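Visitor: I'd like to walk through this one and ask how each label is earned. Can you show me?

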Amino acid sequence: MSSAPPPPPSPSPPPPANPDTAPRVVRAPPRRPPPRAPGPPPWAERRPAVSVDLDRGRRTARAQVDGVGAASLPARHRLRVEGSRWQRDWKVSEVAARVLALPRADARAVDAVLNCWAGRFARRNFPLLIREITISGSLKHAVHVFRWMKIQENYCARNDIYGMMIRLYARHNQVDQARGLFFEMQEWRCKPDADIYNSLIHAHARAGQWRWAINIMEDMQRAADKILIPPSRTTYNNVINACGAAGNWKKALELCKKMTENGVGPDLVTHNIVLSAFKNGAQYSKAIAYFEIMKGSNIAPDTFTLNIVIHCLVKVGQYGEALELFNSMRENRTICPPDVVTYTSIMHSYSICGQAENCKAVFDMMIAEGVKPNIVSYNALLGAYASHGMHMEALKTFKLLKQNGLRPDIVTYTSLLNAYGRSAQPEKAREVFNEMRKSCKPNKVSYNALIDAYGSAGMLKEAISLLDEMERDSILPDVVSISTLLTACGRCRQPTKISTILAAAKSRGIELNTVAYNSGIGSYLSLGDYEKALELYTSMRVNNVKPDAVTYNVLISGSCKLGKYAESLKFFEDMMNLKIHLTKEVYSSVICSYVKQGKVLEAESTFSCMKNSGCLPDVLTYTAMIEACSDDGSWRRAWDLFKEMEGSGIQPDAIICSALMEALNKGNQPERVLQLMEFMNEKFIPLNQKAYFEIIASCSMLRDWKTASEIIEHLDSSLSSISAGTLNHLLNFLGKCGKTESMMKLFYKMLTSCSTVSLSTYTVLLENLLVVGKWRKYIEVLQWMEDAGVHPTLYMYRSVLPYIWRDNSMDYVILIQEKIILQPLMMP
């Protein structure tokens, strides 16, 4: 049988305590500080604060920063502050306000304020103070404060301080100083980080120094192996923006591709910068193509993107696409709402197209949708009105602009001045010009607009005197001023002044460009001086000024009008030898020259070449071709050309319709003439003199007095503009048809609307009255002639005498015989 286990040994007694040994103290573990909330500490936060001045009834909202106060300073500094009556425990925001209230050039005053601040002994206050000063944008005060900081004993150079100073220099476009701080911070053993590099690149981008920006980015890449700061997307965006702002779109696109190759994908900001680069470089088609590529990516455009695209579409003349994009922005208002830039771009497109009503409609739409117009919007509307000479609407818009608190600028005044100039009111234009002087100084565009206003009104002397006025205002006339004056000489029919203006341009050192030469040549040709025009063209070639399509169009059309058809074709040959692109205006002028010479085959050949070259004919080209067919007697070809023009979407005018009517009448097709008249009424095309004449001729051939009578009913407002030959033809037609009452009715209208009625008109009327035997009305008309100062001929008196004898009206016989006897005495 086994025995039980022995009991455990009793614990040994503790050793006796030593009375000389100190008792052991057990300490609790140290408490860990609670985790700090993300963001700056409370003393560094910018908190909103409001102060109320009850005495003045004012309140002020500001940002308040406490900073490190005197209570948190080390003991040695705290005792020094508390023992001085001159030290103030100000908050950082209070110190910044006191510094900013001082004069910018008074560095001693800044030092005095800062030396009284107790917080200067805490270096943590320095970045806060620089932040408050730089936010205000005062560079001088920031420089003084930064200089004062660097001489303090407790100052320690920091990246954030240098970064804020570099950004402030960039805001003021002082790139050299910003670059100097960049090298200075490295001397103070501050290693530039990505933000510093980006700030410096942004400074050069704002100044347009894109080469410096690229060099800094390359330095950043070279230093990346040492300090691990590879260029970020912001870096690339800043460099691309620098190239784009300078108009170097090729370099911007190259950097964008390099950015993608380095694994930094472009974002929406990058795409917007590239689009802006294309816009600044006038590469509008490339911007549109880039936008199409952008739509294939997963980056959605914003309002800024679409505004650039709309601007580019307007520049390339794709107004329909721009309007569609604008309407899509309005439909997707929650994604890309149109802003004032969007509306202004659409208004500008309508202004270019000459649609002032639609421009005003977009302006009203902008206001109705809660978008406040800016000065550019008002200027776009004023420009649309000015192009049409709508001075009343322009003045109303100008007053509305001032009522809404906007200040008119130089573009506003110039647009209003242009509106008065286009409406032939140079005096009003001068008043606007004088009013403009009170608020802003006129520029060359303003003076040129006033010169054009005087020149259009025939006041050439006043227009020329503006050259001296420009020089008194220290504004040198340019080639646009000379071109405007040369055009005005042609309008005022003063060829001698052209030489004077050319001499004035030469004395002022103004070299004529292609537009100026075109103006001078056109003025000489409009005045019939072919030799002078040829001399100016020769001078143009001698001075190595390259002529363009407008030059040769002026020469060809002007020579054709002067009957120099061979010379006009020679100019066309010169144009072909110089390989200048042929425009539809040039083709039309050449066709007209061939038509005037009776060379129908050459005209047909030129017309075919025009269509084969991709140059679409216009209404002038078709008019010349129809006139050629009319001279050749081919009415069917003329009719087919008209149908072809209508099928091409070209709107006919009264001139081409009247030319076709003439061709149809020559081809004995009066029915088609009346059909064409109905077409003109449907299209609201007004009838001109030639059209009236051809319609009456057709009615004569068809004996259609009803249509002729209907035409007479609509002649009240246009009788004064119809030639006497057309009216005589119409009177004769009504008389031949036996419509004496209609004939007399038309004659009464002529008496009321026309200032004078010629002897030929009375002759037609009297002959038709005798045919129907109305000799009493005949005698009455003779009396009207005498009352109007038109002396009847002896033949008129003798022609009515047999009709009076037939009715045995002896009183009238005696009267007419007396007139016959007195007729030789009454003749001058």
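Visitor: Why is Val50 called exposed?

Guide: Keep in mind that this is a predicted model. Val50 has 58% relative accessibility, and exposed means over 50%, so Val50 earns the label. You'll find Val50 in strand 1, residues 47-53.

Visitor: What makes the nonpolar surface patch of about 350 Å²?

Guide: Val50, Val52 and Leu54 make that patch. To join a patch, a residue needs over 30% relative accessible area. Val50, at 58%, clears that cut-off.

Visitor: And Asn115, why does that one count as partly exposed?

Guide: Its relative accessibility is 35%. Buried means under 20% and exposed means over 50%, so Asn115 falls in between and is called partly exposed. Asn115 sits in helix 3, residues 107-115.

Visitor: How far apart are the C-alpha atoms of Asn115 and Trp148?

Guide: They are separated by 9.3 Å, with the two residues 33 apart along the chain.

Visitor: Now the largest pocket: what is its volume, and which residues are closest to its centre?

Guide: The volume is about 370 Å³. Of the 16 lining residues, Ser588, Ser589, Cys592, Leu620 and Ala624 are the closest to the centre.

Visitor: Which helices each supply at least two residues of that lining?

Guide: Helix 29 (549-561), helix 31 (584-596) and helix 33 (619-632) do. Helix 31 gives the largest share, 5 residues.

Visitor: How does the lining divide into nonpolar, polar and charged?

Guide: There are 6 nonpolar, 5 polar and 5 charged residues in the lining of the largest pocket.

Key:
Residues numbered from 1 in each chain as written. Predicted model: local features only at pLDDT ≥ 70, side-chain atom pairs only at ≥ 80, totals over all residues. Heavy atoms only, no water. 1 Å grid on protein atoms, 1.4 Å probe; cavity = no way out; pocket = protein on both sides within 12 Å on 5 of 7 lines; lining within 4 Å. Points joined across faces, edges and corners; volume = space filled by probe spheres on them. Helix = DSSP H or I, 4+ residues; strand = E, 2+ residues; numbered from the N terminus. Nonpolar A, V, L, I, M, F, W, Y, C, P; charged D, E, K, R; others polar. Patch = residues over 30% accessible without salt bridge, like charges linked within 9 Å, V, L, I, M, F, W, Y side chains within 5 Å. Areas by Shrake-Rupley, 256 points an atom, 1.4 Å probe, with all protein chains shown as cover. Salt bridge = Lys/Arg side-chain N within 4 Å of Asp/Glu carboxyl O. Buried < 20%, exposed > 50% of the residue type's maximum accessible area, 1.4 Å probe, protein only.
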